[in-house]
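Before the labels on this structure are used, it is worth asking what each of them rests on. Please go through them one by one, with the criterion beside the value.

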Amino acid sequence: MRNDEEATLAKVYTSSTLDAPAGQVWAVIRDFNALPAWTPFVAESRIEQNQPSDKVGCIRNFTLKDGGRIRERLLALSDYDLSCTYSILESPMGVENYVSTLKLTPITDGDRCFAEWSAEFDCAPERAQELVAHIGTNVFLAALQALKSRFGS
Amino acid sequence: MAVRLARSTVIEAPLDTVWPLLRDFNSHEIWHPAIGSSQIEAGEPADEVGAVRAFTLKDGSVLREQLIALSDHDHSLTYCLLEAPIPLDDYVATMRLKPVTDGDKTFVDWRSSFSPPADRLLELTRLVAEEVYEAGLAALKARFAGGR
């Protein structure tokens with residue numbers, strides 16, 4: 001935990017379009033334990049205490065390919081809005097109060113969907129810019145691009 | 001019975017280019033192919049929440065709609081129908097823009113809810129979906145084709 005008083009509220013927003021119907025993409029990403037299957041940077045993942053991966057409140061515990069370990073709690077899952085919200089419990093990134101949402105919306109004039117991934121967190125002011133760039137590009141955009149290629153665009 | 005509708009598209013221009021047109025509550029006479037002419041009543045500014053636009057369709061019908069929310073933060077506007085020649089009770093619609101950050105594009109989502117009489121439900125739902133939203137979004141897409 002940080003013990004100095006100064007922290008910056010940082011926000012990240014990354015979005016893209018995917019050439020597949022929202023329902024088909026949702027089937028891949030609604031599984032809170034599926035990061036190794038669709039993102040390029042997660043090596044392995046498990047849900048703690050053998051809970052179902054769509055049980056709100058469950059915790060995923062995963063390792064990155066670079067060795068970092070992250071624990072995240074599922075805060076909300078909506079099969080109606082096609083959205084998933086989670087918080088970070090532990091990570092090597094130096095972020096506090098991190099809450100993120102991944103959401104799909106159909107693009108109705110084609111069999112496509114709009115994917116948006118956003119996050120808010122507190123961090124040391126001098127690290128905000130670097131963290132926003134890292135999370136927006138190396139995490140969210142990298143994962144969305146992997147999804148794009150998976151669905152053939 | 002209440003109907004909920006949503007139509008959306010991606011416009012090949014950045015949000016900063018598209019929003020200035022759409023936040024103008026009177027601009028539909030410029031971009032929507034079904035609109036003949038439109039004016040804001042009582043000389044109010046088109047971005048004043050509460051403003052009423054009175055407009056005629058190319059078929060001669062007269063409608064009035066009121067702006068009930070406008071957000072330069074969310075890039076969204078919400079309006080309701082005050083008068084129309086067709087029974088679209090409780091009609092409230094929201095148009096919202098979002099940036100597509102991995103390209104200079106804009107996602108446009110247009111949705112509404114309303115309560116048509118049961119015997120005209122399919123007809124009126126189709127009318128709103130196709131002649132208002134799909135036609136309007138297609139015109140916007142064409143207008144901004146090429147990035148501006």
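The questions and answers below take up the interface and then the sheets of the two chains.

Q: What kind of model is this, and how are its residues and chains labelled?
A: This is a predicted model in which local features need pLDDT of at least 70 and side-chain atom pairs count only at pLDDT 80 or more, while totals for chains, interfaces and linings use all residues. Residues are numbered from 1 along each chain as its sequence is written, chains are lettered from A and ligands numbered from 1 in the order in which they are written, and side-chain values use heavy atoms, with hydrogens and water left out.

Q: How many residues of chain A and chain B take part in the contact?
A: With contact defined as heavy atoms within 4.5 Å, 16 residues from chain A and 15 residues from chain B take part.

Q: What area is buried between chain A and chain B, and how is such an area defined?
A: The size of an interface is often given as the accessible area lost when the parts come together. Buried area is that loss for two parts, taken with a 1.4 Å probe and summed over both; between chain A and chain B the area is about 1200 Å², with carbon and sulfur atoms giving 49%.

Q: Why is the pair B:Asp102 and A:Lys148 called a salt bridge?
A: The rule asks for a side-chain nitrogen of Lys or Arg within 4 Å of a carboxyl oxygen of Asp or Glu. The closest N and O atoms of B:Asp102 and A:Lys148 are 3.5 Å apart, so the pair satisfies the rule. Across the interface of chain A and chain B, the rule finds two salt bridges.

Q: Which elements of chain A give two or more residues to the side that touches chain B?
A: Helices (H or I, at least four residues) and strands (E, at least two) are DSSP runs, numbered from the N terminus. On that basis the elements are β1 (8-18), β6 (96-107), β7 (112-123) and α3 (128-150) of chain A, and β1(A) gives the largest share, five residues.

Q: What makes β1 and β2 of chain B edge strands?
A: Two strands pair if DSSP finds at least two bridges between them. In chain B an open sheet of seven strands has the order β1-β7-β6-β5-β4-β3-β2, with antiparallel pairing. Here β1 (3-11) and β2 (35-40) of chain B each have a single partner strand, so one side of each is left without a neighbour in the sheet.

Q: How do you know that β2(B) and β3 of chain B pair?
A: Five bridges join β2(B) to β3 (residues 52-57) of chain B, so the requirement of at least two is met. The two strands run antiparallel, and B:Gln39 stands opposite B:Ala54 in β3(B). On β4(B), B:Arg64 stands opposite B:Ala54, and β3(B) and β4(B) pair in the antiparallel sense over five bridges.

Q: Where does a positive phi occur in the hairpin of β4(B) and β5(B)?
A: B:His75 in the turn has a positive phi of about 55°, and the hairpin has four residues between its strands. Seven bridges support the antiparallel pairing of β4(B) and β5(B), with B:Ser76 as the bridge partner of B:Ser71.

Q: What does an angle of about 15° between α3 and β1(B) refer to?
A: Axes are lines fitted to C-alpha atoms, for helices over the stretch in contact, and angles run from 0 to 180 degrees between N-to-C directions. Helix α3 (residues 121-143) of chain B lies across β1, β6 and β7 of chain B, and about 15° is its angle to β1(B).
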